[in-house]
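Colleague: Could you walk me through how to read a model like this one? I'd like the general idea each time, then the case at hand.

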Amino acid sequence: MSSSNVRAPKGTADMLPEVARAWEHVTRTAEAIFSRYGYQPIYTPIFEHTDVFVRGIGEATDIVGKEMYTFEDKGGRSITLRPEGTASVVRAALEHGLTVNGQGCKLYYSGPMFRYERPQAGRMRQFWQIGVEALGMAEPTIDAEVIVALMEFFAAVGIPRDRMRLLINSMGDERCRPAYREKVASFIRENASDLCEECVRRAETNPLRAFDCKNPGCASVMSRAPLLRDEMCDDCAAHYAAVKSLLDDVGVIYEEDTSLVRGLDYYTRTVFEVQAEGLGAQNAIGGGGRYDRLMEMYGGQPTPGLGFALGFERTLLAMRAAGIDVPVPPSAEVFVARVAPEVAGDAFAVVTRLREAGIAADMDHQGRSLKAQFKLADRLGARFVVIAGPDELAAGQVTVRDMASATESRVALADAARELGSRLHDR
RNA sequence: GUGGGUGUAGCUCAGUUGGUUAGAGCGUCGGACUGUGGCUCCGAAGGUCGCGGGUUCGAGCCCCGUCACCCACCCCA
(Lines give C-alpha, C1' and ligand atoms only; values in the text may rest on other atoms or scores of the structure.)
Protein backbone atom coordinates (compact mmCIF):
# COMPACT_ATOMS: atom_id res chain seq x y z
CA MET A 1 0.00 0.00 0.00
CA SER A 2 1.39 3.34 -0.97
CA SER A 3 1.92 5.90 1.76
CA SER A 4 1.01 8.55 -0.77
CA ASN A 5 -2.31 9.48 -2.27
CA VAL A 6 -0.79 9.77 -5.70
CA ARG A 7 -2.26 6.98 -7.79
CA ALA A 8 -2.67 6.06 -11.42
CA PRO A 9 -6.16 6.99 -12.63
CA LYS A 10 -8.99 4.47 -12.31
CA GLY A 11 -8.83 1.79 -14.93
CA THR A 12 -5.18 2.38 -15.78
CA ALA A 13 -2.22 0.34 -14.66
CA ASP A 14 1.50 0.81 -14.70
CA MET A 15 3.25 -1.85 -16.72
CA LEU A 16 5.98 -2.80 -14.29
CA PRO A 17 9.01 -4.63 -15.70
CA GLU A 18 7.50 -8.10 -15.52
CA VAL A 19 4.40 -7.10 -17.49
CA ALA A 20 6.31 -4.71 -19.74
CA ARG A 21 8.58 -7.60 -20.68
CA ALA A 22 5.52 -9.67 -21.48
CA TRP A 23 4.14 -6.86 -23.65
CA GLU A 24 7.41 -6.73 -25.58
CA HIS A 25 7.49 -10.48 -25.97
CA VAL A 26 3.89 -10.55 -27.18
CA THR A 27 4.39 -7.65 -29.62
CA ARG A 28 7.58 -9.19 -30.95
CA THR A 29 5.76 -12.47 -31.49
CA ALA A 30 2.93 -10.67 -33.28
CA GLU A 31 5.40 -8.70 -35.39
CA ALA A 32 7.26 -11.85 -36.43
CA ILE A 33 4.11 -13.72 -37.40
CA PHE A 34 2.16 -10.93 -39.06
CA SER A 35 5.12 -9.76 -41.10
CA ARG A 36 5.57 -13.32 -42.33
CA TYR A 37 1.98 -13.05 -43.59
CA GLY A 38 2.92 -9.90 -45.49
CA TYR A 39 1.64 -7.24 -43.09
CA GLN A 40 3.54 -4.01 -42.51
CA PRO A 41 3.66 -1.84 -39.42
CA ILE A 42 1.65 1.34 -39.07
CA TYR A 43 1.35 3.78 -36.18
CA THR A 44 -1.55 6.20 -36.12
CA PRO A 45 -2.22 8.96 -33.57
CA ILE A 46 -3.59 8.03 -30.19
CA PHE A 47 -6.31 10.64 -30.67
CA GLU A 48 -8.41 11.52 -33.68
CA HIS A 49 -11.15 13.92 -34.62
CA THR A 50 -14.21 12.58 -32.81
CA ASP A 51 -16.01 12.26 -36.11
CA VAL A 52 -13.68 9.45 -37.24
CA PHE A 53 -15.12 7.18 -34.57
CA VAL A 54 -18.68 8.45 -34.72
CA ARG A 55 -18.89 7.76 -38.45
CA GLY A 56 -16.91 4.55 -38.41
CA ILE A 57 -18.07 2.76 -35.30
CA GLY A 58 -21.62 4.12 -35.33
CA GLU A 59 -23.61 6.60 -33.30
CA ALA A 60 -25.88 3.96 -31.78
CA THR A 61 -23.07 1.79 -30.39
CA ASP A 62 -22.12 1.70 -26.73
CA ILE A 63 -18.56 2.65 -27.58
CA VAL A 64 -19.56 5.92 -29.22
CA GLY A 65 -22.62 6.53 -27.08
CA LYS A 66 -21.05 6.27 -23.65
CA GLU A 67 -17.47 5.04 -23.60
CA MET A 68 -15.36 7.60 -25.42
CA TYR A 69 -12.84 9.96 -23.89
CA THR A 70 -13.84 13.08 -25.79
CA PHE A 71 -12.67 16.61 -25.14
CA GLU A 72 -12.30 19.92 -26.87
CA ASP A 73 -8.74 20.98 -27.57
CA LYS A 74 -7.46 24.53 -27.31
CA GLY A 75 -8.31 25.12 -30.95
CA GLY A 76 -11.94 24.22 -30.35
CA ARG A 77 -11.75 20.84 -32.11
CA SER A 78 -13.60 17.84 -30.73
CA ILE A 79 -10.94 15.22 -30.08
CA THR A 80 -11.32 11.61 -28.91
CA LEU A 81 -8.79 9.19 -27.48
CA ARG A 82 -9.03 6.17 -29.77
CA PRO A 83 -11.32 3.44 -28.42
CA GLU A 84 -10.10 0.96 -31.06
CA GLY A 85 -7.66 0.77 -33.94
CA THR A 86 -9.55 0.00 -37.14
CA ALA A 87 -11.18 3.40 -37.67
CA SER A 88 -7.81 5.17 -37.43
CA VAL A 89 -6.01 2.78 -39.75
CA VAL A 90 -8.72 3.04 -42.39
CA ARG A 91 -8.73 6.83 -42.05
CA ALA A 92 -4.94 6.88 -42.50
CA ALA A 93 -5.16 4.57 -45.52
CA LEU A 94 -7.70 6.88 -47.14
CA GLU A 95 -5.79 10.04 -46.26
CA HIS A 96 -2.57 8.74 -47.82
CA GLY A 97 -4.10 6.94 -50.76
CA LEU A 98 -2.83 3.54 -49.66
CA THR A 99 -5.61 1.79 -51.58
CA VAL A 100 -6.03 3.99 -54.69
CA ASN A 101 -6.70 2.27 -57.97
CA GLY A 102 -7.63 -0.92 -56.19
CA GLN A 103 -4.26 -1.44 -54.53
CA GLY A 104 -4.26 -3.84 -51.64
CA CYS A 105 -2.63 -3.02 -48.36
CA LYS A 106 -1.88 -5.18 -45.32
CA LEU A 107 -1.08 -3.45 -42.06
CA TYR A 108 -0.54 -4.30 -38.39
CA TYR A 109 -0.51 -2.01 -35.39
CA SER A 110 -0.18 -2.11 -31.62
CA GLY A 111 -0.74 0.34 -28.82
CA PRO A 112 -3.05 1.64 -26.12
CA MET A 113 -6.80 2.15 -26.58
CA PHE A 114 -9.18 4.02 -24.28
CA ARG A 115 -12.72 3.30 -23.22
CA TYR A 116 -14.57 4.82 -20.27
CA GLU A 117 -16.01 1.70 -18.69
CA ARG A 118 -16.25 0.26 -15.21
CA PRO A 119 -13.04 -1.75 -14.78
CA GLN A 120 -13.16 -5.46 -14.03
CA ALA A 121 -11.11 -8.57 -14.73
CA GLY A 122 -9.75 -8.22 -18.26
CA ARG A 123 -11.23 -4.78 -18.77
CA MET A 124 -9.34 -1.52 -18.29
CA ARG A 125 -9.97 2.05 -19.32
CA GLN A 126 -6.59 2.13 -20.98
CA PHE A 127 -5.87 -1.23 -22.53
CA TRP A 128 -3.48 -2.49 -25.15
CA GLN A 129 -4.36 -4.03 -28.47
CA ILE A 130 -2.53 -5.52 -31.40
CA GLY A 131 -4.37 -5.80 -34.68
CA VAL A 132 -4.14 -6.29 -38.41
CA GLU A 133 -6.12 -4.75 -41.25
CA ALA A 134 -6.23 -6.04 -44.83
CA LEU A 135 -7.61 -3.38 -47.18
CA GLY A 136 -8.74 -3.63 -50.77
CA MET A 137 -9.20 -7.39 -50.70
CA ALA A 138 -12.60 -8.91 -51.29
CA GLU A 139 -11.84 -12.58 -51.75
CA PRO A 140 -12.58 -15.18 -49.10
CA THR A 141 -8.96 -16.30 -48.98
CA ILE A 142 -8.06 -13.12 -47.10
CA ASP A 143 -10.80 -13.79 -44.54
CA ALA A 144 -9.28 -17.21 -43.96
CA GLU A 145 -5.75 -15.78 -43.89
CA VAL A 146 -6.57 -13.25 -41.21
CA ILE A 147 -8.20 -15.90 -39.05
CA VAL A 148 -5.30 -18.30 -39.52
CA ALA A 149 -2.83 -15.54 -38.59
CA LEU A 150 -4.75 -14.79 -35.40
CA MET A 151 -4.85 -18.43 -34.38
CA GLU A 152 -1.17 -18.86 -35.17
CA PHE A 153 -0.39 -15.90 -32.94
CA PHE A 154 -2.24 -17.37 -29.97
CA ALA A 155 -0.52 -20.69 -30.53
CA ALA A 156 2.86 -18.96 -30.71
CA VAL A 157 2.45 -17.28 -27.33
CA GLY A 158 1.66 -20.69 -25.93
CA ILE A 159 -2.08 -20.81 -25.39
CA PRO A 160 -3.10 -24.44 -25.94
CA ARG A 161 -5.67 -24.90 -28.66
CA ASP A 162 -8.00 -26.82 -26.38
CA ARG A 163 -8.28 -23.81 -24.09
CA MET A 164 -9.65 -21.64 -26.91
CA ARG A 165 -12.80 -21.49 -29.01
CA LEU A 166 -12.94 -19.88 -32.44
CA LEU A 167 -16.44 -18.63 -33.24
CA ILE A 168 -17.46 -17.42 -36.68
CA ASN A 169 -20.57 -16.01 -38.26
CA SER A 170 -21.64 -13.93 -41.24
CA MET A 171 -23.57 -10.69 -40.90
CA GLY A 172 -24.53 -10.31 -44.55
CA ASP A 173 -24.09 -7.14 -46.52
CA GLU A 174 -26.03 -4.08 -47.63
CA ARG A 175 -28.17 -6.18 -49.95
CA CYS A 176 -29.43 -8.79 -47.50
CA ARG A 177 -28.87 -7.29 -44.08
CA PRO A 178 -31.47 -4.48 -44.17
CA ALA A 179 -34.31 -6.87 -44.98
CA TYR A 180 -33.05 -9.34 -42.39
CA ARG A 181 -32.71 -6.56 -39.84
CA GLU A 182 -36.34 -5.69 -40.40
CA LYS A 183 -37.36 -9.30 -39.93
CA VAL A 184 -35.55 -9.46 -36.62
CA ALA A 185 -37.04 -6.13 -35.58
CA SER A 186 -40.55 -7.39 -36.21
CA PHE A 187 -39.76 -10.64 -34.45
CA ILE A 188 -38.68 -8.65 -31.41
CA ARG A 189 -41.84 -6.57 -31.51
CA GLU A 190 -43.96 -9.72 -31.75
CA ASN A 191 -42.19 -11.24 -28.76
CA ALA A 192 -41.74 -8.04 -26.79
CA SER A 193 -43.52 -9.40 -23.73
CA ASP A 194 -40.92 -12.14 -23.31
CA LEU A 195 -37.87 -9.95 -23.82
CA CYS A 196 -36.02 -7.53 -21.60
CA GLU A 197 -36.60 -3.79 -21.94
CA GLU A 198 -33.18 -3.32 -23.46
CA CYS A 199 -33.85 -5.82 -26.24
CA VAL A 200 -37.21 -4.26 -27.06
CA ARG A 201 -35.46 -0.93 -27.38
CA ARG A 202 -32.91 -2.57 -29.64
CA ALA A 203 -35.63 -3.36 -32.18
CA GLU A 204 -35.55 0.32 -33.10
CA THR A 205 -31.81 0.98 -32.83
CA ASN A 206 -29.82 -2.16 -33.51
CA PRO A 207 -32.01 -5.28 -33.56
CA LEU A 208 -29.16 -7.71 -34.29
CA ARG A 209 -27.57 -6.94 -30.96
CA ALA A 210 -30.47 -8.67 -29.22
CA PHE A 211 -28.70 -11.89 -30.24
CA ASP A 212 -25.92 -11.42 -27.74
CA CYS A 213 -28.12 -10.39 -24.85
CA LYS A 214 -26.99 -12.57 -21.95
CA ASN A 215 -30.36 -12.56 -20.27
CA PRO A 216 -31.34 -16.28 -20.40
CA GLY A 217 -34.96 -15.44 -21.21
CA CYS A 218 -33.92 -13.31 -24.17
CA ALA A 219 -31.42 -15.91 -25.32
CA SER A 220 -34.10 -18.56 -25.46
CA VAL A 221 -36.56 -16.33 -27.32
CA MET A 222 -33.86 -15.18 -29.72
CA SER A 223 -32.91 -18.77 -30.46
CA ARG A 224 -36.24 -18.96 -32.35
CA ALA A 225 -35.60 -15.74 -34.25
CA PRO A 226 -35.06 -15.82 -37.98
CA LEU A 227 -31.46 -16.61 -38.90
CA LEU A 228 -29.47 -14.64 -41.41
CA ARG A 229 -28.22 -17.95 -42.70
CA ASP A 230 -31.68 -18.43 -44.24
CA GLU A 231 -31.98 -14.87 -45.53
CA MET A 232 -28.51 -14.24 -46.89
CA CYS A 233 -28.12 -13.13 -50.50
CA ASP A 234 -26.36 -15.55 -52.81
CA ASP A 235 -23.08 -13.63 -52.84
CA CYS A 236 -22.87 -13.48 -49.06
CA ALA A 237 -23.80 -17.13 -48.75
CA ALA A 238 -21.16 -18.11 -51.29
CA HIS A 239 -18.53 -15.97 -49.57
CA TYR A 240 -19.31 -17.42 -46.16
CA ALA A 241 -19.29 -20.96 -47.52
CA ALA A 242 -15.94 -20.32 -49.18
CA VAL A 243 -14.39 -18.98 -45.96
CA LYS A 244 -15.52 -22.03 -44.03
CA SER A 245 -14.28 -24.37 -46.68
CA LEU A 246 -10.87 -22.66 -46.77
CA LEU A 247 -10.60 -23.00 -43.01
CA ASP A 248 -11.58 -26.65 -43.26
CA ASP A 249 -8.93 -27.22 -45.91
CA VAL A 250 -6.12 -25.92 -43.71
CA GLY A 251 -7.43 -27.73 -40.66
CA VAL A 252 -8.64 -24.79 -38.58
CA ILE A 253 -11.32 -25.86 -36.14
CA TYR A 254 -14.13 -23.35 -35.63
CA GLU A 255 -17.69 -23.19 -34.36
CA GLU A 256 -20.46 -21.40 -36.17
CA ASP A 257 -22.32 -19.11 -33.81
CA THR A 258 -25.39 -17.35 -35.15
CA SER A 259 -25.56 -15.22 -32.02
CA LEU A 260 -22.12 -13.72 -32.70
CA VAL A 261 -22.89 -10.10 -33.51
CA ARG A 262 -20.15 -7.55 -33.22
CA GLY A 263 -20.97 -4.34 -31.43
CA LEU A 264 -19.48 -2.08 -34.05
CA ASP A 265 -21.66 -0.94 -36.93
CA TYR A 266 -19.03 -1.23 -39.61
CA TYR A 267 -18.94 -5.02 -39.76
CA THR A 268 -20.26 -6.87 -42.81
CA ARG A 269 -20.16 -10.53 -43.79
CA THR A 270 -17.48 -12.48 -41.89
CA VAL A 271 -17.17 -11.88 -38.16
CA PHE A 272 -15.20 -13.97 -35.68
CA GLU A 273 -14.13 -14.08 -32.07
CA VAL A 274 -11.64 -16.12 -30.06
CA GLN A 275 -12.55 -16.95 -26.49
CA ALA A 276 -10.21 -18.40 -23.90
CA GLU A 277 -10.60 -20.20 -20.59
CA GLY A 278 -9.70 -18.89 -17.18
CA LEU A 279 -10.28 -15.16 -17.67
CA GLY A 280 -13.51 -14.43 -15.84
CA ALA A 281 -16.46 -12.81 -17.54
CA GLN A 282 -14.48 -11.03 -20.26
CA ASN A 283 -13.30 -14.06 -22.16
CA ALA A 284 -12.85 -12.71 -25.70
CA ILE A 285 -9.12 -12.46 -26.32
CA GLY A 286 -9.44 -11.48 -29.96
CA GLY A 287 -12.07 -10.67 -32.51
CA GLY A 288 -12.76 -8.97 -35.78
CA GLY A 289 -14.43 -9.16 -39.11
CA ARG A 290 -15.02 -7.69 -42.50
CA TYR A 291 -16.00 -4.05 -43.03
CA ASP A 292 -16.57 -3.58 -46.76
CA ARG A 293 -18.39 -0.26 -46.48
CA LEU A 294 -16.14 1.52 -43.99
CA MET A 295 -13.94 3.33 -46.50
CA GLU A 296 -17.04 4.74 -48.16
CA MET A 297 -18.34 5.99 -44.85
CA TYR A 298 -15.29 8.24 -44.81
CA GLY A 299 -15.96 9.41 -48.35
CA GLY A 300 -13.47 7.13 -50.08
CA GLN A 301 -13.95 4.79 -53.02
CA PRO A 302 -15.72 1.54 -52.19
CA THR A 303 -12.90 -0.56 -50.74
CA PRO A 304 -13.34 -3.89 -49.01
CA GLY A 305 -11.44 -4.58 -45.85
CA LEU A 306 -11.21 -6.74 -42.78
CA GLY A 307 -9.11 -7.23 -39.71
CA PHE A 308 -8.97 -8.18 -36.08
CA ALA A 309 -7.79 -6.85 -32.76
CA LEU A 310 -6.46 -8.86 -29.88
CA GLY A 311 -6.36 -7.67 -26.30
CA PHE A 312 -2.95 -7.79 -24.63
CA GLU A 313 -4.17 -7.91 -21.02
CA ARG A 314 -6.60 -10.70 -21.80
CA THR A 315 -4.02 -12.61 -23.79
CA LEU A 316 -1.70 -12.37 -20.81
CA LEU A 317 -4.47 -13.62 -18.51
CA ALA A 318 -5.06 -16.54 -20.83
CA MET A 319 -1.33 -17.29 -20.91
CA ARG A 320 -1.13 -17.22 -17.12
CA ALA A 321 -4.25 -19.36 -16.77
CA ALA A 322 -2.56 -21.89 -19.06
CA GLY A 323 0.62 -21.73 -16.98
CA ILE A 324 2.73 -20.10 -19.68
CA ASP A 325 5.78 -18.18 -18.49
CA VAL A 326 7.24 -15.36 -20.49
CA PRO A 327 10.96 -16.02 -20.95
CA VAL A 328 13.11 -13.82 -18.70
CA PRO A 329 16.51 -12.87 -20.08
CA PRO A 330 19.31 -12.60 -17.48
CA SER A 331 19.75 -9.01 -16.31
CA ALA A 332 23.49 -9.39 -16.56
CA GLU A 333 25.73 -12.08 -18.00
CA VAL A 334 28.76 -10.61 -16.30
CA PHE A 335 28.91 -8.60 -13.08
CA VAL A 336 31.93 -6.47 -12.35
CA ALA A 337 32.67 -6.31 -8.63
CA ARG A 338 34.80 -3.52 -7.27
CA VAL A 339 36.85 -4.50 -4.23
CA ALA A 340 37.51 -1.01 -2.91
CA PRO A 341 36.03 2.40 -3.67
CA GLU A 342 39.37 3.56 -5.09
CA VAL A 343 39.11 1.15 -8.02
CA ALA A 344 35.52 2.01 -8.96
CA GLY A 345 36.84 3.84 -12.01
CA ASP A 346 38.71 0.74 -13.20
CA ALA A 347 35.59 -1.34 -12.69
CA PHE A 348 33.55 1.15 -14.66
CA ALA A 349 36.04 1.02 -17.51
CA VAL A 350 35.81 -2.78 -17.58
CA VAL A 351 31.97 -2.81 -17.63
CA THR A 352 31.98 -0.27 -20.42
CA ARG A 353 34.37 -2.37 -22.50
CA LEU A 354 32.26 -5.50 -21.92
CA ARG A 355 29.13 -3.69 -23.00
CA GLU A 356 30.87 -2.39 -26.10
CA ALA A 357 31.70 -6.00 -26.88
CA GLY A 358 27.99 -6.84 -26.78
CA ILE A 359 27.99 -8.48 -23.36
CA ALA A 360 25.21 -7.74 -20.87
CA ALA A 361 27.29 -6.41 -18.00
CA ASP A 362 26.52 -4.51 -14.82
CA MET A 363 28.16 -3.17 -11.67
CA ASP A 364 27.19 -1.70 -8.31
CA HIS A 365 26.46 2.01 -7.94
CA GLN A 366 25.35 2.00 -4.32
CA GLY A 367 28.58 1.54 -2.43
CA ARG A 368 27.90 -2.07 -1.53
CA SER A 369 30.38 -4.32 0.20
CA LEU A 370 32.10 -6.93 -1.93
CA LYS A 371 29.93 -9.62 -0.37
CA ALA A 372 26.80 -7.66 -1.20
CA GLN A 373 28.03 -7.22 -4.75
CA PHE A 374 28.29 -10.99 -5.06
CA LYS A 375 24.76 -11.41 -3.76
CA LEU A 376 23.61 -8.89 -6.32
CA ALA A 377 25.51 -10.67 -9.07
CA ASP A 378 23.82 -13.89 -8.07
CA ARG A 379 20.40 -12.31 -8.11
CA LEU A 380 20.99 -10.80 -11.52
CA GLY A 381 21.84 -14.23 -12.86
CA ALA A 382 25.42 -13.37 -13.83
CA ARG A 383 27.44 -16.34 -15.09
CA PHE A 384 30.73 -14.61 -14.38
CA VAL A 385 31.90 -12.06 -11.88
CA VAL A 386 34.89 -9.96 -12.80
CA ILE A 387 36.71 -8.93 -9.63
CA ALA A 388 38.45 -5.62 -9.97
CA GLY A 389 40.78 -5.39 -6.96
CA PRO A 390 43.86 -3.33 -6.26
CA ASP A 391 46.06 -6.45 -6.25
CA GLU A 392 45.25 -7.72 -9.72
CA LEU A 393 44.85 -4.26 -11.22
CA ALA A 394 48.39 -3.47 -10.13
CA ALA A 395 49.44 -6.35 -12.39
CA GLY A 396 47.21 -5.12 -15.21
CA GLN A 397 44.82 -7.99 -14.54
CA VAL A 398 41.41 -8.86 -13.26
CA THR A 399 40.02 -12.01 -11.64
CA VAL A 400 37.23 -13.86 -13.43
CA ARG A 401 35.03 -16.08 -11.32
CA ASP A 402 32.77 -18.68 -12.91
CA MET A 403 29.74 -18.57 -10.64
CA ALA A 404 28.49 -22.06 -11.41
CA SER A 405 31.77 -23.88 -10.80
CA ALA A 406 33.16 -21.35 -8.31
CA THR A 407 36.51 -21.42 -10.10
CA GLU A 408 38.63 -18.34 -10.62
CA SER A 409 41.38 -17.30 -12.97
CA ARG A 410 43.40 -14.20 -13.69
CA VAL A 411 42.95 -12.48 -17.04
CA ALA A 412 44.84 -9.55 -18.50
CA LEU A 413 42.73 -6.41 -18.49
CA ALA A 414 43.15 -6.03 -22.24
CA ASP A 415 41.85 -9.56 -22.91
CA ALA A 416 38.89 -9.54 -20.55
CA ALA A 417 36.16 -8.68 -23.05
CA ARG A 418 37.37 -11.16 -25.68
CA GLU A 419 37.94 -13.91 -23.10
CA LEU A 420 34.52 -13.48 -21.50
CA GLY A 421 32.83 -13.23 -24.86
CA SER A 422 34.16 -16.58 -25.93
CA ARG A 423 33.50 -18.25 -22.56
CA LEU A 424 29.90 -17.03 -22.65
CA HIS A 425 29.36 -18.53 -26.08
CA ASP A 426 31.02 -21.82 -25.23
CA ARG A 427 28.17 -23.47 -23.44
C1' G B 1 -24.63 3.85 -14.49
C1' U B 2 -26.35 -0.58 -10.90
C1' G B 3 -25.05 -4.49 -7.45
C1' G B 4 -21.63 -7.44 -4.16
C1' G B 5 -16.78 -7.96 -1.77
C1' U B 6 -12.16 -6.01 0.25
C1' G B 7 -8.89 -2.04 2.39
C1' U B 8 -3.20 -3.63 8.43
C1' A B 9 4.88 -3.18 6.46
C1' G B 10 7.62 -3.02 -0.51
C1' C B 11 4.56 -8.04 -1.43
C1' U B 12 1.12 -12.05 0.63
C1' C B 13 -1.56 -11.98 4.97
C1' A B 14 -2.58 -12.90 10.77
C1' G B 15 -4.64 -9.78 14.56
C1' U B 16 -9.08 -14.14 19.58
C1' U B 17 -15.72 -11.25 23.22
C1' G B 18 -12.98 -3.46 21.76
C1' G B 19 -7.66 -3.45 26.49
C1' U B 20 -1.39 -1.23 27.29
C1' U B 21 5.02 -0.85 23.10
C1' A B 22 0.25 -3.79 15.99
C1' G B 23 2.67 -9.33 14.35
C1' A B 24 4.40 -13.40 10.76
C1' G B 25 6.34 -15.16 6.10
C1' C B 26 8.69 -13.36 1.74
C1' G B 27 11.66 -9.32 0.06
C1' U B 28 15.41 -5.40 1.34
C1' C B 29 19.85 -3.98 4.21
C1' G B 30 23.78 -5.42 7.71
C1' G B 31 26.57 -9.20 10.38
C1' A B 32 28.52 -14.38 11.36
C1' C B 33 33.06 -14.93 6.85
C1' U B 34 37.05 -7.05 7.78
C1' G B 35 38.76 -9.52 -1.07
C1' U B 36 33.92 -13.62 -2.56
C1' G B 37 27.34 -15.53 -4.14
C1' G B 38 23.55 -19.52 -3.67
C1' C B 39 22.34 -22.82 2.14
C1' U B 40 22.04 -21.76 7.41
C1' C B 41 21.96 -18.62 11.71
C1' C B 42 21.70 -13.65 14.06
C1' G B 43 20.18 -8.63 13.72
C1' A B 44 18.07 -4.06 11.59
C1' A B 45 15.18 -0.84 8.83
C1' G B 46 10.22 -0.44 7.23
C1' G B 47 3.28 0.83 9.45
C1' U B 48 -0.92 8.38 9.28
C1' C B 49 -4.04 -0.01 10.65
C1' G B 50 -7.39 3.88 3.18
C1' C B 51 -9.43 8.80 4.87
C1' G B 52 -12.96 11.75 8.03
C1' G B 53 -16.26 11.80 11.93
C1' G B 54 -18.89 9.19 16.04
C1' U B 55 -19.62 5.72 20.38
C1' U B 56 -16.30 4.45 24.61
C1' C B 57 -12.16 5.30 30.29
C1' G B 58 -10.01 2.92 25.89
C1' A B 59 -11.10 1.54 18.59
C1' G B 60 -7.05 -2.11 13.72
C1' C B 61 -11.71 -4.35 15.75
C1' C B 62 -18.25 -1.32 16.81
C1' C B 63 -21.45 2.79 14.07
C1' C B 64 -21.98 6.62 10.06
C1' G B 65 -19.90 8.86 5.90
C1' U B 66 -16.29 8.99 2.13
C1' C B 67 -12.45 7.34 -1.19
C1' A B 68 -9.82 3.48 -3.53
C1' C B 69 -9.28 -1.36 -5.35
C1' C B 70 -11.48 -6.10 -6.81
C1' C B 71 -15.54 -8.96 -8.92
C1' A B 72 -20.18 -9.10 -11.56
C1' C B 73 -24.14 -6.74 -14.66
C1' C B 74 -23.74 -3.98 -19.27
C1' C B 75 -20.46 -3.95 -23.38
C1' C B 76 -16.22 -5.42 -25.81
C1' A B 77 -10.31 -6.98 -27.21
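**Domains, a helix and a pocket**

Modeller: The centres of domain 1 and domain 2, taken over C-alpha atoms, are 48 Å apart. Chain A splits into domain 1 (3–176 + 232–321) and domain 2 (334–426), with bounds from an automatic or database domain assignment. Mind that this is a predicted model: local features need pLDDT of at least 70, side-chain atom pairs count only at pLDDT 80 or more, and totals for chains, interfaces and linings use all residues. Residues are numbered from 1 along each chain as its sequence is written, chains are lettered from A and ligands numbered from 1 in the order written, and side-chain values use heavy atoms, with hydrogens and water left out.

Colleague: Which residues of H1 are buried?

Modeller: An α-helix has 3.6 residues a turn, so residues three or four places apart point the same way. In H1 (helices are DSSP runs of H or I, at least four residues, and strands of E, at least two, numbered from the N terminus), the buried ones (under 20% relative accessible area, 1.4 Å probe, protein chains only) are Ala22, Trp23, Val26, Thr27, Thr29, Ala30, Ile33 and Phe34. Seen down the axis, they fall within an arc of 160 degrees (by directions from the axis to the C-beta atoms), so they line one face of the helix.

Colleague: And what does the face turned away from the buried side carry?

Modeller: Pro17, Arg28 and Arg36 of H1, which are exposed, meaning over 50%. Right after H1 comes Gly38, with a positive phi near 95 degrees.
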